[in-house]
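Welcome to this tour! Keep your viewer open and your selection tool ready, and we will walk from one stop to the next.

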Amino acid sequence: MIKKYLPLALIALAVLAACNNNKPGATTDQPAQEVKLVSPDFNADSALAYTKAQVDFGPRIPSTKAHAACADYLVKQFKSFGGQVFVQEGATKTYDGKSHQLKNIIAAFYPEKKQRVLITAHWDARPFSDQDPDANMHDKPFDAANDGASGVAVMLEMARQLQQKQPNVGVDFILWDIEDYGKANDESVNETTWCLGSQYWVKNQPVKGYKPLYAINLDMVGGSNAQFTQDEVSRKYAPQIVKKVWDIGNEIGYSAYFVNVPSGNLIDDHFWVNQAGIPCIDVIHYSDATGFYMNWHTQLDNLNNIDKNTLKAVGQTMLETIYREQPVS
């Protein structure tokens, strides 16, 4: 995904809004005491352990042993939590002409419930750290602890909690493959060298007519001092879902993370989900003022730079959003 820039005046307004939003005293690591949660307690230690488990396989680069072993692990974990798991496989080529067999991992919880919410994240690792300050590192793989593993870890912990307390709606998870193998500075329309797994799913949906209430994509949700702005694609296609999620995040004590600041056009997996007619938003560590997560596509995207407070803020907000859903007759 390549960031697009807003005019400087809007950037200045965004920074000012962020500063006003993050006033002293904002809770960043636990829900406000006066708010009674309807969701189970999201365990950040558990989410960190799931992050480590993925990193321990090595970089999950498509068509490698680490990638295959991690896929088996993720399928096994979702099944152990009671999910009905399906692996969507398909042949694809990356921009460099290499052929791969992508694996989108899909897990359904409470499949009997007609009204559903979809949570997604990519699970692959970029093959090279082309944003590293050291040019000698640009062709080296990296751990992808935040850019990939953190979103998956949040989903695994959510799935573990869903098994223990049934929500009013069904929940589906999709782990996108080959999201992060795109061409740097891709100038094609909609940056089509990125997000190959979600593009494939949109064209080859396993369940015809699948229409969840909405979808939320998680991307880089484990970095320290993360701020999740409201990107243009999310605001265009699913403004009501943006408001719902950010309002809940702020209400339960995570206003330092879910900042009410608009940001520019991001082509991430949520863009392609929206093309399938499913309103989808992106929860991603990005702002127009500072760009992506500071260790984005560098050797420092490793386990040492994962923050349990951020995992907690995102995971609890996702669970609370789901458990507040009421069935509509």
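Before we start, one term: two residues are in contact when they have heavy atoms within 4.5 Å of each other. The model is predicted, so to speak of local features we need pLDDT of at least 70, and side-chain atom pairs count only at pLDDT 80 or more, while totals for chains, interfaces and linings use all residues. Residues are numbered from 1 along each chain as its sequence is written, and side-chain values use heavy atoms, with hydrogens and water left out.

**Stop 1: the whole chain.** Show the protein chain as a cartoon, and you have 9 helices and 10 strands in view. Helices (H or I, at least four residues) and strands (E, at least two) are DSSP runs, numbered from the N terminus. Buried residues make up 59% of the 329 residues; buried means under 20% relative accessible area, exposed over 50%, and partly exposed in between (1.4 Å probe, protein chains only). Among contacts between residues at least 6 apart in sequence, 81% join residues at least 24 apart.

**Stop 2: helix α5.** Select residues 196-203, which form α5. Its buried residues are Leu196, Gly197, Ser198, Gln199 and Trp201. What covers them? The cover includes β1 (84-93), β2 (99-109), β4 (170-176) and α8 (269-275).

**Stop 3: aromatic rings.** Rings of Phe, Tyr and Trp (its six-membered ring) pair if their centres lie within 6.5 Å; planes under 30 degrees apart count as stacked, over 60 as edge-to-face and the rest as tilted. By this rule there are 16 aromatic pairs. Stay with Trp201 and add Trp176: the ring centres are 5.5 Å apart and the planes stand at 65°, so this pair is edge-to-face. Trp176 sits in strand β4 and Trp201 in helix α5, 25 residues apart, so the pair links distant parts of the chain. Now add Tyr210, which forms an edge-to-face pair with Trp201, at 6.3 Å centre to centre and 85° between the planes. Trp201 is buried at 2% relative accessibility, and Tyr210 is buried at 14%.

**Stop 4: Leu118.** Move to strand β3 (residues 116-122), the home of Leu118. Is Leu118 buried or exposed? At 0% relative accessibility, Leu118 counts as buried. Leaving aside neighbours within four places in sequence, Leu118 has contacts that include Phe173, Tyr210 and Ile216.

**Stop 5: the nonpolar cores.** A nonpolar core is a set of buried Ala, Val, Leu, Ile, Met, Phe, Trp, Tyr and Cys residues joined through side-chain atoms within 4.5 Å. In the largest core, with 61 residues, select Ile119, Phe173 and Leu218, which touch the most other members. Helix α4 (residues 145-164) gives the most to this core, with 10 residues. A second, separate core of 11 residues includes Ile106, Ala215, Val273 and Ile278.

**Stop 6: helix α7.** Finally, select residues 239-251, the 13 residues of α7. Ile241, Val242, Val245, Trp246, Ile248 and Gly249 are buried here. Look down the axis of α7: the buried residues fall within an arc of 160° (taken from the directions from the helix axis to the C-beta atoms), so they line one face of the helix. Their cover includes β5 (214-219), α6 (232-237) and α9 (308-323). After α7 comes Gly253, with a positive phi near 110°.

Terms used. The expected span of a helix is 1.5 Å times one less than its number of residues.
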